[in-house]
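Let's take a tour of a protein model, going from charged pairs to greasy cores. Have the structure open so you can click along.

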Amino acid sequence: MLIDSTLREGAQAYGVYFGRDNRRRLVEMLTRSGVEEIECGWLGQEVSGEPLADFLLWARAHLPSPRSGGPALALWCPCREADVREAAALFRQGLIHRLSIGAPSSAAHRQKRLGLSQAEMLARVRTVVGTAKAEGLSYISVGLEDISRAEPEEALQLAQAAVAAGACRVRLSDTVGLLTPLSTALLVERFVSELSVPVAFHGHNDLGMATANAVTALQSGAAFVDVSVLGLGERAGIAALEEVAAWATLRCEAGARYDLGVLRELCQLASLAARVPVARNKAVTGEDVFSAESGIHVHGLMRDPALFEPFAPEAVGATRRVGVGAKSGQAALGATLQRLRQLCPGPDTACGSDAGLMDRVRSLAWRLGRPLTDSEILGVL
């Protein structure tokens with residue numbers, strides 16, 4: 001279901017350089033997470049001076065094979081015969097399991113990048129996929145780039161030509177993130193109904209809809225979607241692994257069972273390696289997504305956490321945090337005082353029932369501009 005592209009799409013992001021050690025740690029953790037496929041990079045790529053083939057040799061030696069429950073390893077290349085021949089050599093060595101070939105589907109990309117007509121693009125797809133098949137590659141995926149700006153009939157012609165030449169999968173790539181969930185559904189449903197092979201989806205986040213579009217693609221019949229840790233990728237990135245994996249697992253979609261406990265550690269590693277900070281309100285793995293301060297929310301959490309949480313924090317390796325500050329009510333303050341009495345019993349914590357305590361707490365929180373620490377709460381008793 002999930003094709004992780006952190007090491008390909010994520011590594012293409014501006015200013016992101018995954019060194020050899022971080023690359024290996026990332027792929028180990030991605031394997032632990034349970035993703036079905038890892039796009040390991042692109043042909044010609046080097047990692048801190050390490051040739052891609054050396055990395056793939058390490059991966060073959062250290063990761064479980066797909067037959068043993070490990071991920072399929074894939075590479076990406078442009079639609080060129082020389083590239084697929086080079087990839088086929090890696091396949092014959094047992095270093096990769098799948099090859100993804102990128103083919104422009106919009107007239108703008110086809111003409112301005114390659115100088116080709118639609119007929120010439122169709123011929124190239126047939127030739128390149130046919131060459132990959134003849135070279136022994138058993139799993140060929142063809143990605144239709146810039147699908148959101150392509151003429152639907154022309155894009156479908158390319159997909160059908162790829163399948164006829166031997167492609168095992170067609171990937172629809174929203175290269176500049178223009179699709180919405182509704183248009184994604186219509187697009188995916190059309191290709192699923194017309195093609196005899198699985199359809200995949202690669203959605204960029206330029207308008208903030210990558211995860212929503214990826215989820216919609218799966219609900220509309222796509223067999224695979226591309227993701228990356230923290231959504232890393234060109235410009236605004238693509239659908240975030242942690243978000244799609246959490247949705248699929250917690251909503252029990254298609255029997256998905258990803259190891260969500262590894263997500264926070266995986267995101268922290270990617271954040272450090274890519275030098276991209278994780279926003280504190282980042283969905284699923286942000287520091288504050290299980291934090292509450294306002295009175296109505298804290299009161300509800302104390303009655304039943306499910307009232308204000310879509311899933312338990314423990315499901316993704318997080319913990320709940322309740323703050324006491326200017327927005328808090330008596331429920332949060334009372335619970336905190338009870339906890340403090342257990343931690344440090346004595347006269348200071350026992351006298352927290354005077355009428356002015358709530359006012360003193362709120363006043364100090366306003367002055368500091370944040371919830372109070374335990375020591376600050378003890379200080380206003």
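## A buried charged pair

Let's start with R8: its relative accessibility is 7%, so R8 counts as buried. Keep in mind that we're looking at a predicted model. The side chain of R8 meets that of E9 in a salt bridge, at 3.7 Å from N to O. E9 is tucked away too: with a relative accessible area of 2%, E9 is buried.

Why might such side chains pair up at all? Side chains of opposite charge can do so when their charged atoms come close.

## Bridges across the chain

How many salt bridges does the structure hold? The count is 27. One to look at joins R169 and E37, whose closest N and O atoms are 2.9 Å apart. This pair links distant parts of the chain, since R169 belongs to strand β8 (residues 169-174) and E37 to strand β2 (residues 37-42), 132 residues apart. Both R169 and E37 are buried.

Now find E287 and R321, another salt bridge, with 3.6 Å between the closest N and O atoms. E287 sits in the loop between α10 (263-274) and β11 (291-292), while R321 is in strand β12, so the pair ties together parts that are 34 residues apart in sequence. Is E287 buried or exposed? At 54% relative accessibility, E287 counts as exposed. Its partner R321, at 40%, counts as partly exposed. Some salt bridges also share partners: R8, E9, E39, R171 and D226 are joined that way into one network.

## Cysteines without partners

How many disulfides are there? Zero. Take C40: the nearest cysteine sulfur belongs to C77 and is 14 Å away, and C40 is in no disulfide. A disulfide needs two sulfurs within 2.5 Å. C40 has 0% relative accessibility, so C40 counts as buried.

C267 tells a similar story. Its sulfur is 19 Å from the closest cysteine sulfur, the one in C40, and that is too far for a bond. C267 is buried as well, with a relative accessible area of 3%.

## The nonpolar cores

In soluble globular proteins, nonpolar side chains tend to be buried together. Here, the largest nonpolar core has 101 residues, and L2, L144, L172 and F191 touch the most other members. Which helix gives the most to this core? That would be helix α6 (residues 152-165), with eight residues.

Zoom in on F191 and check its neighbours. Leaving out residues up to four places away in sequence, F191 touches L144, I147, A155, L156, A159, L172 and V199. Apart from the largest core lies another one, of 17 residues, and its members include V298, V324, L337 and L364.

## Out on the surface

Not every nonpolar residue is hidden. I296, L307 and F308 form a nonpolar patch on the surface, and together they have about 320 Å² of accessible area. F308 is in the loop between α11 (295-303) and β12 (321-322). With 38% relative accessibility, F308 counts as partly exposed.

Last stop: G356, in the loop between α13 (347-350) and α14 (357-368). G356 is partly exposed, at a relative accessible area of 25%. How far apart are G356 and A273, C-alpha to C-alpha? They are 49 Å apart in space, and 83 residues apart in sequence.

Technical notes: Residues numbered from 1 in each chain as written. Predicted model: local features only at pLDDT ≥ 70, side-chain atom pairs only at ≥ 80, totals over all residues. Heavy atoms only, no water. Buried < 20%, exposed > 50% of the residue type's maximum accessible area, 1.4 Å probe, protein only. Patch = residues over 30% accessible without salt bridge, like charges linked within 9 Å, V, L, I, M, F, W, Y side chains within 5 Å. Areas by Shrake-Rupley, 256 points an atom, 1.4 Å probe, with all protein chains shown as cover. Salt bridge = Lys/Arg side-chain N within 4 Å of Asp/Glu carboxyl O. Helix = DSSP H or I, 4+ residues; strand = E, 2+ residues; numbered from the N terminus. Core = buried A, V, L, I, M, F, W, Y, C linked by side-chain atoms within 4.5 Å. Contact = heavy atoms within 4.5 Å.
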